[in-house]
Amino acid sequence: MKREEENSNGVDVGSNSKFPLSFWEVTAASTVVVGFLFGLLGVYLTMPASDYSFLKLPRNLEDLQILRDHLESYTSDYTAQVLVGYCMVYIFMQTFMIPGTVFMSLLAGSLFGVFRGVALVVFTATAGASSCYFLSKLIGRPIVFSLWPDKLKFFQTQVAKRKQGLLNYMLFLRLTPTLPNTFINFASPIVDVPYHIFFLATIIGLIPAAFVTVRAGLALGELQSVGDLYDFQSIATLFFIGVVSITPTLVRNKDS
């Protein structure tokens, strides 16, 4: 008889002979990986010979402005390549939890404008979050226990309490800074958040914050720090939308 063990947080850490991903999850993860490889290959083969030493992940606003200044000339002539390259980098950063995606969101606004920029950020952020979800489902259990034991216990408790309104709760988390998005991406499969719930909450819940960041990218030269992105009005609006999203769950729990 197979013995299952639980750690002190109540999350099952026992061995499981069943492969953790379903057929459709494997298909989705494989599509992202194959698309990533072919996208990078396509960009490499079709871009002109030039000095690309300026291409590096931006770590501050100065790096970002230098990258934007160089890419502007390529965006008009090689729009498809820049788009694909942007998507591949953003998805890679999200998948492996590399800090700096806020700079990539600002870059989208600066290069592509508000509406195309928001669509691009939401698409790539959702794809990257999904890749992180699948990666965590395969190998993430010991990592998340090591990095975020207290957050994991809190998250597991809240998910267990809100099974009937889990989509509303996940939307609330995406809209507010209650838990870091990186943690949500990595911990969701560990606490049994279904992928379809995770996907819908991500693709919908990221839109407001993406709009704020992408719009700020239009005036990139005026930003003094990343903290300038979110003024009191922006934060209050995101919290208001988050509270509205979770209200049906709170009412349902009270009635029950």
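Helices α3 and α4 are roughly antiparallel to each other, and therefore make a good place to start. Angles over 145 degrees count as roughly antiparallel, under 35 as roughly parallel, 65 to 115 as roughly perpendicular, and the rest as oblique. Helix α3 covers residues 79–95 and helix α4 residues 101–112; they pack at an angle of about 165°, with axes 10 Å apart. The axes are lines fitted to C-alpha atoms, for helices over the stretch in contact, and angles between N-to-C directions run from 0 to 180 degrees. The crossing of α3 and α4 is left-handed. That term applies if the near helix is turned anticlockwise from the far one by less than a right angle; clockwise makes it right-handed.

Which residues of α3 and α4 meet? From α3 come Val82, Leu83, Tyr86, Val89, Tyr90, Met93 and Gln94. From α4 come Thr101, Met104, Ser105, Leu107, Ala108 and Phe112. The residues of this contact divide into 10 nonpolar, three polar and no charged. Contact means heavy atoms within 4.5 Å. Ala, Val, Leu, Ile, Met, Phe, Trp, Tyr, Cys and Pro count as nonpolar; Asp, Glu, Lys and Arg count as charged; the others, Gly among them, count as polar.

This is a predicted model, in which local features need pLDDT of at least 70 and side-chain atom pairs count only at pLDDT 80 or more, while totals for chains, interfaces and linings use all residues. Residues are numbered from 1 along each chain as its sequence is written, and side-chain values use heavy atoms, with hydrogens and water left out.

Now the whole chain. Its secondary structure comes to 12 helices and zero strands. Helices (H or I, at least four residues) and strands (E, at least two) are DSSP runs, numbered from the N terminus. Of the 256 residues in the chain, 45% are buried. Buried means under 20% relative accessible area, exposed over 50%, and partly exposed in between (1.4 Å probe, protein chains only). Among contacts with a separation of 6 or more, 76% join residues 24 or more positions apart.

Confidence varies along the chain. The pLDDT is the predictor's confidence in each residue, from 0 to 100. Its mean over the chain is 83, and 83% of residues reach 70 or more. Among the elements, helix α9 (residues 181–187) has the highest mean pLDDT, 95, and helix α12 (residues 232–255) the lowest, 62. Over residues 1–6 the pLDDT is below 50.

Back to the loop between α3 and α4, where methionine 97 is found. Its phi is near 55°, a positive value in a residue other than glycine. Most residues other than glycine have a negative phi. Methionine 97 counts as partly exposed because its relative accessibility is 27%.

Met97 is also one of the residues that tryptophan 148 touches; Thr182, Phe183 and Phe186 are the others, not counting residues up to four places away in sequence. Tryptophan 148 is found in the loop between α6 (141–147) and α7 (149–161). At 17% relative accessibility, tryptophan 148 counts as buried. Its C-alpha atom is 9.0 Å from that of alanine 187, which is 39 residues away along the chain.

A second positive phi, about 65°, belongs to aspartate 192, which is not a glycine either. Aspartate 192 sits in the loop between α9 and α10 (195–205). Is aspartate 192 buried or exposed? It is exposed, with a relative accessible area of 54%.
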